[in-house]
Amino acid sequence: MAPLVNIAGLSVAFSGVPVLRGVDLTLHKGEALGLVGESGSGKSVTWLAALGLLPRHAQVSGKVTLEGREILGAPATELDRVRGGRIAMIFQDPASSLNPVLTIRRQLCEALALHRNLQGIALKAEARRLLDLVGIPDAGRRLDAYPHEFSGGQVQRIMIAMALAGNPDLLIADEPTTALDATIQAQILELLSTVRRELGMALVLISHDLGVVAENCDRVAVMYAGRIVEEAPSNQLFADPAHPYAQGLIGALPPLDGPRRRLTAIPGTVPDPAKMPGGCAFAPRCALASESCGLAAPSLAPIADDRRVACIRAEASRRALLGIAAE
Ligand SMILES: Nc1ncnc2c1ncn2[C@@H]1O[C@H](COP(=O)(O)OP(=O)(O)OP(=O)(O)O)[C@@H](O)[C@H]1O
Ligand SMILES: [Mg+2]
């Protein structure tokens with residue numbers, strides 16, 4: 001069976017400066033995939049590019065297929081059917097995605113009319129059902145309110161309702177909870193999980209909060225400087241990260257239970273895309289880097305079933321993490 005979405009060699013450059021440098025990613029039906037990495041690593045651009053949502057001056061290359069059909073560079077009419085229909089996306093800045101001068105009813109109904117071909121009473125009933133589903137109290141009355149009349153958490157829920165309007169096979173949620181306090185954040189994520197289970201929908205959860213990803217995703221891909229540097233089932237990645245960058249990120253994650261591990265921030269910053277180092281982009285920040293790391297960018301290679309890592313020192317770095325001396 002063809003995977004739901006397959007991304008191969010996806011590259012993006014803005015004004016000749018590469019920001020995405022060959023992303024490979026496969027997503028299966030119903031799966032929850034976390035995409036993590038520091039700010040600027042290319043998490044949002046990956047999906048904006050895949051869905052044809054980048055500005056015209058972006059140079060995009062590679063392959064993106066939806067159930068085997070190429071969607072990268074597909075005609076606008078086909079992409080319109082895919083976006084919001086097969087694949088929905090909740091953007092990083094939800095407030096800007098709702099139109100402030102239209103009621104929620106109008107905006108939900110537009111999405112429903114476009115993707116589900118509903119009309120009249122059925123359309124109104126479905127708008128109300130969706131608002132109910134995402135836990136907006138008194139949904140019938142609240143449909144006539146404008147976006148500014150809702151709290152930040154409620155706006156986020158409405159965004160989810162809008163995204164669900166097309167019955168998508170895949171929901172891409174880009175930092176859906178960053179602006180919210182911890183309780184609301186947990187509620188929204190719980191809501192996403194419930195909806196996903198009920199609808200059999202796949203989810204890509206983009207976040208720089210590793211804890212959020214660990215709890216909500218089956219598999220995690222770690223991005224650094226426009227590439228995926230490690231991909232693994234969540235539990236394995238968190239128990240035993242292989243890439244020194246993933247180790248740094250996970251070392252910096254305060255444990256929820258068990259003995260407290262030391263908080264370790266990764267020294268240095270993400271390289272400027274215009275001044276990308278040759279070889280491994282993480283090498284300048286990597287405690288394990290050797291001369292050979294500067295020679296060529298390592299490719300994402302399998303280290304076990306379901307696990308891939310782009311690091312020529314991965315084995316040495318696992319040993320260092322486990323405190324085993326190299327022979
Ligand atoms: N429209 C654009 N024009 C020029 N550069 C862009 C544009 N959009 C993104 N970039 C650049 O592409 C790189 C990747 O950006 P992206 O938004 O994917 O990062 P991200 O991983 O989503 O970060 P964050 O966690 O901050 O959301 C960054 O260097 C960013 O400055
Ligand atoms: Mg982003």
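## Exercises: ligand 1 and the sheet

In this predicted model, helix H1 (residues 43-50) gives the largest share of the shell around ligand 1, with 3 residues. Let's work outward from there.

**Exercise 1.** Find which residues come nearest to ligand 1, and sort its shell by residue class.

*Solution.* Begin with the 14 residues around ligand 1: Ser39, Gly40, Lys43, Val45 and Gln92 come nearest. Next, sort the shell, which divides into 7 polar, 5 nonpolar and 2 charged residues.

**Exercise 2.** Locate polar contacts to oxygen atoms of ligand 1, taking N or O pairs within 3.5 Å, and state how much of the ligand the protein covers.

*Solution.* Start with the backbone: an N or O atom of Gly40 lies 2.8 Å from a ligand oxygen, and one of Gly42 lies 3.0 Å from a ligand oxygen. Then turn to side chains, where an N or O atom of Lys43 is 2.8 Å from an oxygen of ligand 1. Finally, of the 630 Å² of accessible area that ligand 1 has on its own, the protein covers 68%.

**Exercise 3.** Trace the open sheet of 8 strands and explain why one side of S6 and of S11 lacks a neighbour in the sheet.

*Solution.* Write down the order first: S6-S7-S8-S3-S9-S10-S12-S11, with mixed pairing. Strands S6 (87-90) and S11 (301-304) stand at the edges with a single partner strand each, so one side of each has no neighbour in the sheet. Neighbouring strands are turned by 25° against each other on average, direction ignored.

**Exercise 4.** Describe how S9 pairs with S10, and which helix packs there.

*Solution.* S9 (residues 219-224) and S10 (residues 227-233) are antiparallel, paired over 6 bridges. Within this pair, Ala221 stands opposite Glu231 in S10. Now add helix H11 (residues 244-251), which packs on the sheet and touches S9 and S10; the direction of H11 makes about 110° with that of S9.

Technical notes: Residues are numbered from 1 along each chain as its sequence is written. Chains are lettered from A and ligands numbered from 1 in the order in which they are written. This is a predicted model: local features need pLDDT of at least 70, side-chain atom pairs count only at pLDDT 80 or more; totals for chains, interfaces and linings use all residues. Side-chain values use heavy atoms; hydrogens and water are left out. A residue is near a molecule or strand if one of its heavy atoms lies within 4 Å of it. A polar contact is a pair of N or O atoms within 3.5 Å; within protein, one must be able to donate a hydrogen and the other to accept it, and residues adjacent in sequence count only if both atoms are side-chain atoms. Accessible areas come from the Shrake-Rupley method with a 1.4 Å probe; for residues, only the protein chains shown count as cover. Helices (H or I, at least four residues) and strands (E, at least two) are DSSP runs, numbered from the N terminus. Ala, Val, Leu, Ile, Met, Phe, Trp, Tyr, Cys and Pro count as nonpolar, Asp, Glu, Lys and Arg as charged, and the others, Gly among them, as polar. Two strands pair if DSSP finds at least two bridges between them. Axes are lines fitted to C-alpha atoms, for helices over the stretch in contact, and angles run from 0 to 180 degrees between N-to-C directions. Contact means heavy atoms within 4.5 Å.
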